[in-house]
Amino acid sequence: MELTKKTPKNILTGYERYLKLQRSMSANTLDAYRRDVQKLLTFLQDEGKEPTEVELSDLQTFAAGLHDIGIGPRSQCRILSGVRSFYRYLLIDGYIEQDPTELLESPVLGEHLPEFLTPMEVDLLEDSIDLSVPEGHRNRAIIEVLFSCGLRVSELVSLKWSQLFAEERFLRILGKGSKERLVPISERALHEIENYMPWRNSLKIKPGEEDFIFLNRRGAHLTRTMILIMLKRQAETAGIKKTISPHTLRHSFATALLEGGADLRVIQALLGHESIGTTEIYTHISVQTLRREVLEHHPRNIKTSAQ
């Protein structure tokens, strides 16, 4: 087999094209994969090696270096996943004859249960918003849409009027890998959006931004960082001690559905999870909640606590 020879820069360009066209990755995912592979290429440059000359021992040294500089196990796993994807591409495109990542091991992760808010805590978060400030109704609408619809933050900031079907009460969401799904939107979420409209209509909207639902004071659509900062500040105002992010409200949406009796496959479809295994994490959360309720409310436990 005759191997293709190109510079690391050209190889990286080809890999990015492969991710975008062959695997239909979103811009955010593509950026993450690019950064992870760039870490490897920088390491190889320091070692005086080409990407196509790499052996398993080189990758093990690279992985050990991630640990040494303080990168956590979960981030290590993500980076090594990107490295494996990169070498699969090199194999497919004929740059290498054997994949050196086949025996590359990732760090073992303990079970991680995502943080979530109860419906009462979400109400507390929303009620703590000062509706007299310009962004008040917008922020309340954002929180309600995240909790009622279980959207990813990237899906929320890119949400457009053309995706909202208010009469039918659903959203048409373009998720990861450009996969489309329909998500019901609650009457309450629609009501909060309606309350936000007077302020939005007073903005001088930038050309090209007219179709985005959620805007900042300058008339441009919001960023993920803006949503994260807003939520952290609001949680502090509400006196919520949990560390929350936009994803926390997505977890809260799924947990509330499961505890309300929804089928796991339905939750999978609503969240846009490709694998049911990703959705199954919420069964663990539900079991934790059930255990806590038994410990707090069962008469045997109450009696024991009193003693």
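Here are some short exercises, each with a worked solution, on a predicted model of a protein chain.

**Exercise 1. Get an overview of the chain: how many helices and strands are there, and what share of the residues is buried?**

Step 1: Start with the secondary structure. You should find 14 helices and three strands in the chain.

Step 2: Now look at burial. The chain has 307 residues, and 42% of them count as buried.

Step 3: Turn to the outside. The accessible surface of the chain is about 17,500 Å², and carbon and sulfur atoms account for 52% of that.

Step 4: Finish with contacts. Take those between residues at least 6 apart in sequence: 57% of them join residues at least 24 apart.

**Exercise 2. Sort Cys77 and Cys149: is each one buried or exposed?**

Step 1: Recall the cut-off, since buried means under 20% relative accessible area.

Step 2: Cys77 has 17% relative accessibility, so Cys77 counts as buried.

Step 3: Cys149 has a relative accessible area of 0%, so Cys149 is buried too.

Step 4: While you're on cysteines, check for disulfides. The structure holds zero.

**Exercise 3. Place Thr248: which helix holds it, and what does it touch?**

Step 1: Find the helix. Thr248 sits in H10, which covers residues 246–259.

Step 2: Check burial. Thr248 is at 4% relative accessibility, so it counts as buried.

Step 3: List the neighbours, skipping residues up to four places away in sequence. That leaves Glu115, Phe116, Leu117 and Thr243 in touch with Thr248.

**Exercise 4. Explain what is unusual about the phi of Arg169, and say where this residue lies.**

Step 1: Bring in the background. Most residues other than glycine have a negative phi.

Step 2: Compare. Arg169 isn't a glycine, yet its phi is positive, at about 60°.

Step 3: Locate the residue. Arg169 belongs to the loop between strand E1 (164–165) and strand E2 (170–174).

Step 4: Check exposure. With 38% relative accessibility, Arg169 counts as partly exposed.

**Exercise 5. Describe the second largest pocket: what is its volume, and which helix gives the most to its lining?**

Step 1: Begin with the idea behind the search. Rolling a probe the size of a water molecule over the atoms shows where empty space is left.

Step 2: Read off the volume. The second largest pocket holds about 400 Å³ of space. Its lining has 19 residues, and the closest to the centre are Glu135, Arg138, Asn139, Met230 and Arg233.

Step 3: Look at the helices. H6 (136–149) and H9 (224–238) each supply at least two lining residues, and H9 gives the most, with six.

Step 4: Sort the lining by class. You get eight nonpolar, five polar and six charged residues.

Technical notes: Residues numbered from 1 in each chain as written. Predicted model: local features only at pLDDT ≥ 70, side-chain atom pairs only at ≥ 80, totals over all residues. Heavy atoms only, no water. 1 Å grid on protein atoms, 1.4 Å probe; cavity = no way out; pocket = protein on both sides within 12 Å on 5 of 7 lines; lining within 4 Å. Points joined across faces, edges and corners; volume = space filled by probe spheres on them. Helix = DSSP H or I, 4+ residues; strand = E, 2+ residues; numbered from the N terminus. Nonpolar A, V, L, I, M, F, W, Y, C, P; charged D, E, K, R; others polar. Buried < 20%, exposed > 50% of the residue type's maximum accessible area, 1.4 Å probe, protein only. Contact = heavy atoms within 4.5 Å. Areas by Shrake-Rupley, 256 points an atom, 1.4 Å probe, with all protein chains shown as cover. Disulfide = S-S within 2.5 Å.
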